[in-house]
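Let's take a friendly walk through this model, starting with its pocket and moving on to how the domains fit together.

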Amino acid sequence: MTTMSSQLNGLLDVETVSKDFPILARTVRGGNKLVYLDSGATSQKPNQVLDAERGFYTRCNAAVHRGAHLLAEEATDAYESARLTIAHFLGAVPRELVFTKNATEAINLVAYAFSNATAKSAHGRALPDGADRFILAPGDEIVVTQMEHHANLVPWQEVCDKTGAVLRWLTVNDEGRLDLDDPEHGLESVITERTRVVALTHQSNVLGTITPVERIAQAAHAVGAIVVLDSCQSVPHMPVDVSSLGVDFVAFSGHKMLGPSGIGVLWGRYELLESMPPFLSGGSMIETVHIDSSTFAAPPQRFEAGVPMAAQAIGLGAAVDYLNALRSVDGSKHGMAAVSAHEHALTTYALERLTEIQGVRVIGPQEAHDRGSAVSFVVDGIHAHDVGQVLDEMGVEVRVGHHCAWPLHRRFGVAATTRATFYVYNGPSDVDALAEAIVAAQKFFKVI
Amino acid sequence: MDLESLYQEIILDHYKNPRGRGLREPFDAQVHHVNPTCGDEITLRVRLDGDQVVDVSYDGQGCSISQASASVLFEQLTDQSISTDLETADAFLALMQGRGHVEPDEDVLGDAVAFAGVAKYPARVKCALLSWMAWKDAVAQSASAQAHEENS
């Protein structure tokens, strides 16, 4: 029996939250109300974030970490305050946080630490103390999973091509969970003495699956490997405390968590950041520069070459403040715990509504435990593009395609899926709109 | 709804009942094209006889627009001269890239005029063009292979 949406527990006050997001007031395609279900690709932005960015430009815009005038001081303070806010949000200290363009750049920053250290070492060039952990030899192994977004797969393929390292992967079972106990592709056979890096997602952007990070990190650390976590779909959606996850690096994007585009974060254990050679080089990442050689600043500055994206960092700080201030309607939860409870309720409801529709098959865990709010599905007889087109015509905006996880789609034998993702401004009525639009698509293409 | 203008009956019919589908021999060139944003793909073969396109065979998977477009292509471009076909293909490309401002010429395009509505959906233009770009590539390869044979 269908759960009445009024019975869902732990929801946020969606009506009030939505008022903070100007874009949600617009109409689409012939005057339809916008039902935005593509936050997994990028989230919408509240006024508080837009105002923070604009406020930076109208009050204290200057190039940060340069100059000694008042505006430069204020701009630098604002930028570093944002770093502090975001660090607290993650249970980290500010010097462990590097601002990047996005999560893709953050992961590349770590990947390039390996290929750069390996290349410099081959020529006997200077490296920071401890850089041997980043030097790869042919036959060393890098482990990923079958459910990775291309952003946490292709950079490691590139490292392998440059160093002779070998890529291995953990497989996904039919339920959409990592097959850690599989005799051939499980943890014990894939993570070996040759493993140097384990790069995995915290939450699949397609399946919604939350991975058992602690168990995998333990296995990785037991053989001395470095663990890189793609947290693009976890940090925006649930409480994440980097100090207790047991991983070495965490990467995520600001634009998926109500923040501006052009800002991402790499968190890393400081001793590792200190032993990494630079990624992008140039201004403000240096210690001393001579015509023939340079030395480099300590992290995080070592990895923030050029004038940084200050307004975006400040906008992300405002997004974190916004998320921290959210409360469940019943007052039982606040901050990210409230966000997580809200999405859990919506996911439970969405899985129920979708599995009721004949001809709809959800790819990934069918139940909401250890699962986030990305719900991908196929509709029998209709290609995802065509499903998405009908949904769009009705104002329901979802993602269609392989969602930058092509190997995972091959694993499930589908070329493309339709994906709905939920966030703080979505309510049960959005799930209803999705379900109704799917049925409309089935009728339009005459498959029912 | 604008859906009917996008998904015209001709398109839905070609999608459900594709013409000329399946890879056939003999052929002069085979190409494989993909749309990297959505994973749609097509394998397409061309058989030429002098300046005539005598067969276009294809297989692939994708949305209704991309699959129907391949079926229409088969009907429009088989058993014609290369020069006539290139004119048709250019007209189709112009229509698709016209953002809805190009008036389609049914005499040149035949059933392909049904795709006029696609031009108003920029995200779907690549779907409609997938097989046509593959065809152009295959014809160019066939022609250069023929030229090579004649010269050797």
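## The largest pocket

In this predicted model, the largest pocket holds about 490 Å³ of space. Its lining is made up of 20 residues. If you would like to centre a view on the pocket, the residues nearest its centre are A:His385, A:Gln389, A:Val400, B:Ala123 and B:Arg124.

Both chains take part in the lining. From chain A, α12 (384–393), β15 (396–397) and β16 (399–401) each give at least two residues, and α6 (122–151) of chain B does so too. By residue class, the lining has 8 nonpolar, 5 polar and 7 charged members.

## Two domains in chain A

Turning to chain A, you will find domain 1 (5–43 + 331–444) and domain 2 (54–319). Domain 1 is thus written as two segments. Taken over C-alpha atoms, the centres of the two domains of chain A are 29 Å apart. Their contact draws 37 residues from domain 1 of chain A and 32 residues from domain 2 of chain A.

## Where the domains meet

Together, domain 1 and domain 2 of chain A bury about 2600 Å², with 55% of that area on carbon and sulfur atoms. On the domain 1 side, A:Met336, A:Leu408 and A:Arg411 provide 22% of the area buried against domain 2, more than any other three residues.

How many salt bridges cross this interface of chain A? The rule finds 1 between domain 1 and domain 2. A:Arg411 also pairs with A:Asp174: their side chains form a salt bridge at 2.7 Å, N to O.

Conventions. Residues are numbered from 1 along each chain as its sequence is written. Chains are lettered from A and ligands numbered from 1 in the order in which they are written. This is a predicted model: local features need pLDDT of at least 70, side-chain atom pairs count only at pLDDT 80 or more; totals for chains, interfaces and linings use all residues. Side-chain values use heavy atoms; hydrogens and water are left out. On a 1 Å grid over the protein atoms alone, a cavity is a set of points where a 1.4 Å probe fits but cannot get out, and a pocket is an open set with protein on both sides within 12 Å along at least five of seven lines; lining residues have an atom within 4 Å of a point. Grid points are joined across faces, edges and corners, and a volume is the space filled by probe spheres set on the points. Helices (H or I, at least four residues) and strands (E, at least two) are DSSP runs, numbered from the N terminus. Ala, Val, Leu, Ile, Met, Phe, Trp, Tyr, Cys and Pro count as nonpolar, Asp, Glu, Lys and Arg as charged, and the others, Gly among them, as polar. Domain bounds come from an automatic or database domain assignment. Contact means heavy atoms within 4.5 Å. Buried area is the accessible area (1.4 Å probe) that two parts lose on being put together, summed over both. A salt bridge is a side-chain nitrogen of Lys or Arg within 4 Å of a carboxyl oxygen of Asp or Glu.
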